[in-house]
Amino acid sequence: MLRTAPRSFVDDGARAGKQRELLRFATVGLAAFGLTLVVGYGLKLTVLQEKPVTALAIATVVATAFAYLLSRHWAFRTRGGRRGFPEAMLFLVVNAIAVTITLCPPLISRYVLRLEVPEVSFLVQEIADFVSGMLLGTAAGSAFRWWGYRRWVFPVVRQTSAGRSRSARSASSIRSR
């Protein structure tokens, strides 16, 4: 059916699907960002006052588990791709890299630029932590996640002319050997 439709309709449909997917990814990311804020600052202002980067790392891990569930069951559910353990492992690998990317700006802020008490005031320290960790780090980590999820974790499975997915065809040919 798509072969007979004008190319502009096909392109518009693909673009709308990608935009919808990006909007869902952003919604999941915003919810995970909120969870990161609540957990991160909850830990940082209570039990991990001396370890702000550790508080952010724990909050990011909690938000990552939350994001996986929403990503798999809502944001990327139409992509097909892998399921189960391989998908979860790829998700964890992409997120481990993204967490590393996310933690680089606050590590630089605190331990290279020394934007921490007593070198600077408490207010400057908190603003630097927020800008470096919650804004710059989260933006860089999110950009990597978007690319990594689409590329490796939730790839589009193309249908063959026989109607089976490429991965299903490969699996059946392996079983028949």
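Which residues form a nonpolar patch on the surface? The legends below start there and then move to other parts of this predicted model.

**View A. A nonpolar patch on the surface.** Here you can find L123, I127, F130, V131, L135 and L136, which together form the patch. Their accessible area adds up to about 530 Å². One of these residues, L136, belongs to helix α4, which covers residues 122-153.

**View B. The cavity inside the model.** Searching the whole structure for cavities of 30 Å³ or more turns up 1. The volume of the largest cavity is about 160 Å³. It is lined by 15 residues, and those closest to the centre are Y41, K44, P52, L56 and D129. Zoom in on these five names if you would like a starting point for the view.

**View C. Who supplies the cavity wall.** Four helices each give two or more residues to the lining of the largest cavity: α1 (7-44), α2 (52-75), α3 (85-112) and α4. Helix α1 provides the largest share, with 5 residues. What is the make-up of this lining by class? There are 9 nonpolar residues, alongside 3 polar and 3 charged ones.

**View D. An aromatic pair between helices α2 and α3.** Across the whole structure, the search finds 12 aromatic pairs. Shown here are Y68 and F91, with ring centres 4.6 Å apart. Why is this pair edge-to-face? The planes of Y68 and F91 stand at 65°, and edge-to-face applies to planes over 60 degrees apart, so the pair falls in that class. Because Y68 sits in helix α2 and F91 in helix α3, the contact ties together parts that are 23 residues apart in sequence.

**View E. A salt bridge joining helices α1 and α4.** The count of salt bridges comes to 8. In this close-up, the side chains of R150 and E21 meet in a salt bridge, at 2.1 Å from N to O. How many residues apart are R150 and E21 along the chain? They are 129 residues apart, with R150 in helix α4 and E21 in helix α1, and the pair links distant parts of the chain.

**View F. Backbone details in the loop between α3 and α4.** Have a look at the peptide bond from V117 to P118: it is cis, with omega near 10°. P118 lies in the loop between α3 and α4. R114 also has its place in the loop between α3 and α4. The phi of R114 is near 60°, a positive value in a residue other than glycine.

How values were computed. Residues numbered from 1 in each chain as written. Predicted model: local features only at pLDDT ≥ 70, side-chain atom pairs only at ≥ 80, totals over all residues. Heavy atoms only, no water. Patch = residues over 30% accessible without salt bridge, like charges linked within 9 Å, V, L, I, M, F, W, Y side chains within 5 Å. Areas by Shrake-Rupley, 256 points an atom, 1.4 Å probe, with all protein chains shown as cover. Salt bridge = Lys/Arg side-chain N within 4 Å of Asp/Glu carboxyl O. 1 Å grid on protein atoms, 1.4 Å probe; cavity = no way out; pocket = protein on both sides within 12 Å on 5 of 7 lines; lining within 4 Å. Points joined across faces, edges and corners; volume = space filled by probe spheres on them. Nonpolar A, V, L, I, M, F, W, Y, C, P; charged D, E, K, R; others polar. Phe/Tyr/Trp six-rings, centres within 6.5 Å; stacked < 30°, edge-to-face > 60°.
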